[in-house]
Amino acid sequence: MKTNGHLKSTERLIAKVYASPRYRGQWLIVIHGKIFAQPPGMAGVRKLGGLLKRYPGETPTIVYVPKHDILILTL
């Protein structure tokens, strides 16, 4: 089970990812305090599987960082 400190550090890392122009327009996997670019298609599934084997017991967070000029609407 994760502690609140670990969850907060993941949230801080995701906030840094969203602020960085380096990651715009990409799908990313955040796991074990690290950021990994997720390739498209089956390569991305294999990458995720490899990371789950590398970091057992960790829960990955998969995020999409929109490009600067994209508007996302939520209800």
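1. Let's start with T10. In this predicted model, T10 sits in helix α1, which covers residues 4–19. Is T10 buried or exposed? Its relative accessibility is 17%, and buried means under 20%, so T10 counts as buried. What does T10 touch once you leave aside its neighbours within four places in sequence? The answer is V30 and T61.

2. Stay in the helix for a moment and look at I14. Leaving aside neighbours within four places in sequence, I14 is in contact with V30, T61 and V63. V30 and T61 are also on the contact list of T10. If you are clicking through the structure, show these residues together.

3. Now zoom out to the whole chain. It has two helices and three strands, and from the N terminus on the elements run α-β-β-α-β. Of its 75 residues, 24% count as buried. Take the contacts between residues at least 6 apart in sequence: 51% of them join residues at least 24 apart. As for the surface, the chain exposes about 5700 Å², with carbon and sulfur atoms supplying 60% of that area.

4. Next, the sheet. The three strands form an open sheet in the order β2-β1-β3, with antiparallel pairing. Why is one side of β2 and of β3 left without a neighbour in the sheet? Both strands stand at the edges and each has a single partner strand, so there is nothing in the sheet on the other side. From one strand to the next, the twist averages 30 degrees.

5. How do the strands line up in detail? β1 and β2 pair over four bridges in the antiparallel sense, while five bridges join β1 to β3, again running antiparallel. I29 is a handy residue for seeing both pairings: it stands opposite F36 in β2 and opposite I62 in β3. V30, which we met in the contacts of T10, stands opposite I35 in β2.

6. Don't skip the turn. β1 and β2 form a hairpin, and two residues lie between the strands. In that turn, H32 has a positive phi of about 55 degrees.

7. On to the inside. A bit of background: in soluble globular proteins, nonpolar side chains tend to be buried together. Which residues make up the largest nonpolar core here? There are eight: L13, I14, V17, Y23, L28, V30, V63 and V65. The elements giving two or more residues to this core are α1, β1 and β3, and α1 supplies the largest share, three residues. Apart from this core lies another one of six residues, including I29, I31, L51 and Y55.

8. Last point: the aromatics. How many aromatic pairs does the structure hold? Just one. W27 and Y64 form this pair, with 5.1 Å from centre to centre and 50 degrees between the planes, which makes it tilted. The pair links distant parts of the chain: W27 is in strand β1 (residues 26–31) and Y64 is in strand β3 (residues 61–65), 37 residues apart. Both rings belong to partly exposed residues: W27 has a relative accessible area of 47%, and Y64 has one of 29%. A nonpolar core takes in buried residues, so neither W27 nor Y64 can belong to one.

Definitions and conventions: Residues are numbered from 1 along each chain as its sequence is written. This is a predicted model: local features need pLDDT of at least 70, side-chain atom pairs count only at pLDDT 80 or more; totals for chains, interfaces and linings use all residues. Side-chain values use heavy atoms; hydrogens and water are left out. Buried means under 20% relative accessible area, exposed over 50%, partly exposed in between (1.4 Å probe, protein chains only). Contact means heavy atoms within 4.5 Å. Rings of Phe, Tyr and Trp (its six-membered ring) pair if their centres lie within 6.5 Å; planes under 30 degrees apart count as stacked, over 60 as edge-to-face and the rest as tilted. A nonpolar core is a set of buried Ala, Val, Leu, Ile, Met, Phe, Trp, Tyr and Cys residues joined through side-chain atoms within 4.5 Å. Two strands pair if DSSP finds at least two bridges between them. Axes are lines fitted to C-alpha atoms, for helices over the stretch in contact, and angles run from 0 to 180 degrees between N-to-C directions. Accessible areas come from the Shrake-Rupley method with a 1.4 Å probe; for residues, only the protein chains shown count as cover.
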